[in-house]
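Work through the exercises below with the model open beside you. Try each task before you read its solution.

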Amino acid sequence: MTTAPHVALRPAGVGANPAPVGREELLARLERALHTRGRALLTGPAGVGKTEVALAGAARAEARGETVLWLASLPSDREIPGASAAALVASVAATATRSGPGAVRPDPSDAPGPGPSAPVLPAVGSPRTPGTGIPAPAPAAGGHATGAYGTGPHSPGPYTTGPYTTGVFASGVFDELPGPQRTAVAMLCREAPIDADGWDPIALRLGIAQILRTLTCRGPVLLVVDGVQHVDPDSADLLRFALHLAPPALRVVAVETPEPYGEARAPHAEPHRSEDPHASHLWVPSEADVLRVPPLHADEIAELLIHHRLPSRMAGRIHRASGGNPRLALAVGRSLADARTPVHHAEALTLSGRARDLARQLLGAAPPAVRETLLLAALALRPSATLVRRAGRPNAEADLAAAERADLVSLAEDGSVTFTAGLLPSTLVHDACWAERSAGHAALAEVVDDPVEAVRHRALATESPDEELAAEVAAAADLARRRGNSALAAELALLAAETTPGRHGTRRIARLVDAAEEAARAARADLAMRAATDLLARDAVPADRVRARLAVLDTAGQGLTGLDEMYVHAMEDSEGDTALRAAVQLRLALKYVLADGDPERSRTAAVESAALAASIGDPRTASQALTVQARMERALGSPDAQAVLDRARALELAERPLGIRNAAQILTIRHALFDDRLVEARDELGALLPLVQRRGSVEDAIELFRTLAEIESRIGPCPAALAHAGQSLALTLEAGLSPGPAWYALALAETAGGSFARAASYARRSVQASEEEGDRVFLSRSRYALGRVQLVNGDVAAALDTLRRVQADERAQSTVDPSMLRWHEELAEALLANDAVGEALALLAEVRPVAERLGRSTVLLGCDRAYALCLAAEGRTDEAAELLTRTAGGFGRAGLPLERGRALIALARVERRRRRRSAAQAALHEAASVFERAGAAPWLALAGETPAGEGPAGGPGGEETAPALSSLTEAELRLARLVGQGASNQEAAAKLYLSVKTVEARLTRIYQKLDVRSRAQLATALRP
């Protein structure tokens, strides 16, 4: 039993700790349960994060001034009578001897995760008696033995002197207990000799109850019992009695990991209570709310990995491996982080070390019969209780039910079996010997009702290659492909190749090529890599080597960094083969823009690929190459972009039906998005998306959902943007692709219709994932999304830094067209907010001619909004108001409601500086109406706040602008208000992320403009 002395769960003066990742709703339910009923049970499998939730609840209780007691039971405590009750008494004694509310930090035996970060502490009181977990007697300071209970009028008589002086009674908090109760408690804590008849059970019950009642007299108390399943029966009985009599001020949280297989007892353990299923319960089950702690979703696993500074780019695959169990996920993440070389998307996850050991611990608790049944289920393609029973496990249903109680599997109504974490069946198969696996596959081959599955099991049960069997497996792969099960087809194609005898080398190589290409169609990067690795180790012709390498490249997603050697070999092997050279050049064109950030080189490679493909009559490759060329032409500001795209689309429509690899059609939609022809883009996308979902690739579906979210983030409805961005992320994580692009879409959608805080969080995740992948395109985009929301939130210093990085990224990539990523207007506003009016004007003067030449009318409107704010900063508020009025109207005619609303907020700010309150209020009301119709919740809230303060790039609100202040820039106004509120130059510099010299120079200008000579006069000038 572990109890800990007081360590604050949060720093003094700081608000309540944030909830662990993905547990905000659960934590709210816990607090409601404690408020209404005073009792709650957190339950769930090991590693799911129960302790973290309890810790967060305890931290919030401490923040409210409550006393927090924490008991963490250990498995050995179950066999020590009174261990938990003694630890509780020790914890109360330690709590009562300190002033103010307190809390404790347990040994975090449950799943790690973001939460309180206090250190793990030893037990309260004196050292433990070896092997008991009970505090041992200890000498007093100085080594002299004195009375354990003192010598007051309530001293228990025969034990007024002795060696027990520094234990729990030394605090004096139990002085009010009657003598028999104090004696019984002293015996429990081993601070008094135990009589031959033992302690008085009634006195001990009443004593424990009185101790808790006395503690609650000081204020509300939260008792957390972590590992309640390990509480010994004697302690459970004592606590049940005490809690039954406890006042409402005592609330209790129990944390339980169920024991689905029954308790494993030592041979000498007393069996007198084992038949009672409620022996360790602290209350009647109906007296408490039972809160099950669920696994985390894939997106929450990604956030957890980021919090622990682990790679998040494989969050989808880690989620599948862990089943959402935080402890397993972190173990897998750490194994990836510790790998000698970065694990690529096309490689199998590293599931050794800590991750594999954790899976073995979960499986090791199961009885041997259950593990044998689970092994058969792990070997089956579609496991079910009936199938496993027919394969030789007559007690399959009972075994699987026990495994379900242990959260190893889930059973559907039809008896189908699903493992809760991919790491579990992988470990079962990994740890089984060949004979066990072979016997299992052989048994399953006899009972499955699908010929495709039967062939698969027969092949996996056979150790020796067999050409006849390999041919059957290849035929089964073709059948699976025709059924539309591309993942199974890829697995069988590889199995057919691996079953082919070595003497049929040419046939084996051909099957390996088919397997790699089938894996690419199924987006199975791991299978593509396995097939390619096997093929490249053999004497294959150059054409086959190229095809295998192309399959790996096609499954790499955004993660093309680190594959340079594969490109080099593909170029060498494609020499003299026009078709293959065209295909390699196409992949190089993608690499040059995604990994290298070089659109010029990408365009050159795409042009060469298109020419080679056209020379041999290959419309598919030609169409894809022209599509890449059109994308680069657009980025580079070429007027030929649309003509190239039209050629690509014509070839695509002639070569394949809608819904299957329609890269040109998708780019056409994205060009409409860039041009703000948003209704047209949405209509075309709406017609294409259902076809892609039925018969297209998952990558195309992901891009279409992402594009739809981007469209709706600009024109609404914003809630639909959130839904479609979420679908894009779900598909991305399920496919095991990098989540960077999907997180970017979610950042835009959250900025439009969700929460600015969540938008910033998703943007930061996208930045990290893009950096991990080396994806230059989405790194720039995600930084833009982050800088934009920082600007809106008023964090102008951070926004300026982020948007300057976007500027550097885009210029390094030679991007010319400003409509593809609209960072110019945002950077200009950030510069203006940081008192760099001249630099903002120079930037706008640089981008405006380009936008005019390319006909980007809505980009010009954005520049107009930023230029109007520059005019206002220069004191030309009449011109600024007139320009903003025209800009808002232009955005309205362009069908961009959110941009119109943003221009109206800027107009309101200028009108307030002009002292035209009614005009400012009218602009804000109009903006609020626009945002409400679009479902732009965060902007609606911003419009509601702005009348009392600043706009998106402004500083703190709540102050009226005095007439003289209209001469100040936004940056000067923020500094003036800080100084007027009493901030020193150093404090203002830290707050605004400026140097002290800059603050001093800016203050000098403020004093000159306002004609003041002191801080007191400045404060007076700031008053309305």
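The protein has 45 helices and 8 strands. Helices (H or I, at least four residues) and strands (E, at least two) are DSSP runs, numbered from the N terminus. This is a predicted model: local features need pLDDT of at least 70, side-chain atom pairs count only at pLDDT 80 or more, and totals for chains, interfaces and linings use all residues. Residues are numbered from 1 along each chain as its sequence is written, and side-chain values use heavy atoms, with hydrogens and water left out.

**Exercise 1. Confidence**

Task: Find which element has the lowest mean pLDDT and which the highest.

Solution.
- Step 1. Fix the term: pLDDT is the predictor's confidence in each residue, from 0 to 100.
- Step 2. Take the whole protein: the average pLDDT is 82, and 83% of the residues score at least 70.
- Step 3. Compare the elements: strand β1 (residues 2-3) is lowest with a mean of 49, and strand β8 (residues 417-419) is highest with 95.
- Step 4. Check the weak stretches. Residues 99-166 have a pLDDT below 50, yet the model gives this stretch 181 contacts (heavy atoms within 4.5 Å) beyond near neighbours in sequence. Residues 3-16 also stay under 50, with 49 contacts beyond four places in sequence.
- Step 5. Where pLDDT is low, the predicted coordinates should not be read in detail.

**Exercise 2. Burial and a helix**

Task: Determine how many residues of α35 are buried.

Solution.
- Step 1. Set the classes: buried means under 20% relative accessible area, exposed over 50%, partly exposed in between (1.4 Å probe, protein chains only).
- Step 2. Get the background: 56% of the 1024 residues are buried.
- Step 3. Count in α35: 11 of the 11 residues are buried, so the helix is largely enclosed by the rest of the structure. Among them are Trp823, His824 and the acidic residues Glu825, Glu826 and Glu829.
- Step 4. Look past the helix end: Asp835 follows α35 and has a positive phi, near 65°.

**Exercise 3. Salt bridges**

Task: Find where the partners Glu66 and Arg251 lie.

Solution.
- Step 1. Apply the cut-off: a salt bridge is a side-chain nitrogen of Lys or Arg within 4 Å of a carboxyl oxygen of Asp or Glu. The whole structure has 71 of them.
- Step 2. Check the distance: Glu66 and Arg251 meet at 2.6 Å, N to O.
- Step 3. Place the partners. Glu66 is in the loop between α2 (50-63) and β3 (67-72), and Arg251 is in strand β5 (residues 250-256), so the pair ties together parts 185 residues apart in sequence. Both Glu66 and Arg251 are buried.
- Step 4. Take a second pair: Arg382 and Glu453 have their closest N and O atoms 2.4 Å apart. Arg382 is in the loop between α11 (368-379) and α12 (385-390), while Glu453 is in helix α16 (residues 451-461), 71 residues away. Glu453 is buried, at 4% relative accessible area.
- Step 5. Take a third: Glu899 and Arg865 meet at 3.5 Å, N to O. This pair links helix α39 (residues 897-913) to helix α37 (residues 857-873). Glu899 is buried at 8%, and Arg865 at 1%.
- Step 6. Widen the view: Glu899 and Arg865 belong to a salt-bridge network that also includes Arg788, Glu825, Glu826, Glu829 and Arg902.

**Exercise 4. Backbone exceptions**

Task: Identify which peptide bond to Pro717 is cis, and which residues besides glycine have a positive phi.

Solution.
- Step 1. Recall the rule: most residues other than glycine have a negative phi, and most peptide bonds are trans.
- Step 2. The bond from Gly716 to Pro717 is cis, with omega near -5°. Pro717 sits in the loop between α29 (698-715) and α30 (718-735).
- Step 3. Asp407 is not a glycine, yet its phi is positive, about 60°. Asp407 lies in the loop between α13 (396-405) and β7 (409-411).
- Step 4. Ser814 also has a positive phi of about 60°. Its loop runs between α34 (796-812) and α35 (823-833). Ser814 is partly exposed, at 34%.

**Exercise 5. A distant neighbour**

Task: Find which residues Ala937 contacts, leaving aside neighbours within four places in sequence.

Solution.
- Step 1. Locate Ala937: it is in helix α41 (residues 937-945).
- Step 2. List the contacts: Ala752 and Gly753.
- Step 3. Compare separations: Ala937 and Gly753 are 184 residues apart in sequence but 5.1 Å apart in space, C-alpha to C-alpha.
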